[in-house]
Amino acid sequence: MVIKVFLASSSGSTAIKKKQQDVVGFLEALKIDYAQLDIASNEDNRAWMRENVPGEKKPTNGIPLPPQIFNEEMYCGDYDTFFDAKEDNTVYEFLGLTPPPGSKKIELKEAEQNGDAHTAELEEDEESKNAETDAQDENEEEEEPAEEEEESRKPAEEEEQEEAEGDKED
């Protein structure tokens, strides 16, 4: 399966250019195979993209703007839906791809298939709690020396007060 990203190589809109770069850069970072199809220099690409974007996904003027993303013939979405998937860590599902081994989604699905979904979620929650507790413990340890310094200051201040009172009596 090849992910098709329909782009405009010569766009006057900086917003469109940034969105295209964001999509392509993210796919490259995840090492997802994709093909860039230029709609500015290839009329066939432009026509195919416009015909295959579903009616409910087309803007009010009827002409979808790049970037538009497909998995072969299946429409995935435009930049906004891609961005939402990226924010939700669901890019592989958005693209209709299987997440790579080692991703959290895969581990949870395997656990669900084994009937351990609740256990996997509990373990994940427990790990989060342990990390939070460790961070709190470290913060408390950092605060303790400050308290000790305060305690060591008190006797010194008291001594100074006593000396001052002793001087007054003399």
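Here are some short exercises on the structure above, each with a worked solution.

Before you start, note that this is a predicted model, where local features need pLDDT of at least 70, side-chain atom pairs count only at pLDDT 80 or more, and totals for chains, interfaces and linings use all residues. Residues are numbered from 1 along each chain as its sequence is written, and side-chain values use heavy atoms, with hydrogens and water left out.

**Exercise 1. Work out which helices and strands the protein has, and in what pattern.**

Step 1: start with the tally, which is six helices and four strands. Both are DSSP runs numbered from the N terminus: helices are H or I with at least four residues, strands are E with at least two.

Step 2: walk along the sequence, and you get β-α-β-α-β-β-α-α-α-α.

**Exercise 2. Put the strands of the sheet in order and find its edges.**

Step 1: the sheet is open, its four strands come in the order β2-β1-β3-β4, and the pairing is mixed. Strands pair if DSSP finds at least two bridges between them.

Step 2: look at the ends. β2 (34–38) and β4 (74–78) each have a single partner strand, so one side of each has no neighbour in the sheet.

Step 3: check the twist. On average, neighbouring strands are turned by 25° against each other, direction ignored.

Step 4: zoom in on one pair. β1 (residues 3–7) and β2 run parallel and are joined by five bridges; L7, for instance, has D38 in β2 as its bridge partner.

**Exercise 3. Place the helices around the sheet.**

Step 1: take helix α2 (residues 43–52), which packs on the sheet and touches β1, β2, β3 (68–71) and β4. Contact here means heavy atoms within 4.5 Å. The direction of α2 makes about 80° with that of β3.

Step 2: helix α3 (residues 79–87) packs on the sheet too, touching β3 and β4, and its direction makes about 85° with that of β4. Such angles run from 0 to 180 degrees between N-to-C directions, with axes fitted to C-alpha atoms, for helices over the stretch in contact.

Step 3: add helix α1 (residues 14–29), which makes a right-handed β-α-β unit with β1 and β2. Right-handed means that, with the strands pointing away from the viewer, the path from the first strand over the helix to the second runs clockwise.

**Exercise 4. Track down the unusual backbone spots.**

Step 1: recall the usual case. Most residues other than glycine have a negative phi, and most peptide bonds are trans.

Step 2: look at K31, in the loop between α1 and β2. Its phi is near 60°, and K31 is exposed, with a relative accessible area of 73%. Exposed means over 50% relative accessible area, buried under 20%, and partly exposed in between (1.4 Å probe, protein chains only).

Step 3: move to N89, in the loop between α3 and α4 (91–95). N89 has a positive phi of about 55° and is exposed at 60% relative accessibility.

Step 4: find the cis peptide bond. It joins P66 and P67, with omega about -5°, and P67 lies in the loop between α2 and β3.

**Exercise 5. Find what holds the most contacts in the largest nonpolar core.**

Step 1: a nonpolar core is a set of buried Ala, Val, Leu, Ile, Met, Phe, Trp, Tyr and Cys residues joined through side-chain atoms within 4.5 Å.

Step 2: the largest one has 17 residues, of which I3, L27, I69 and L95 touch the most other members.

Step 3: see who contributes. β1, α1, α3 and α4 give two or more residues, and α4 gives the most, with four.
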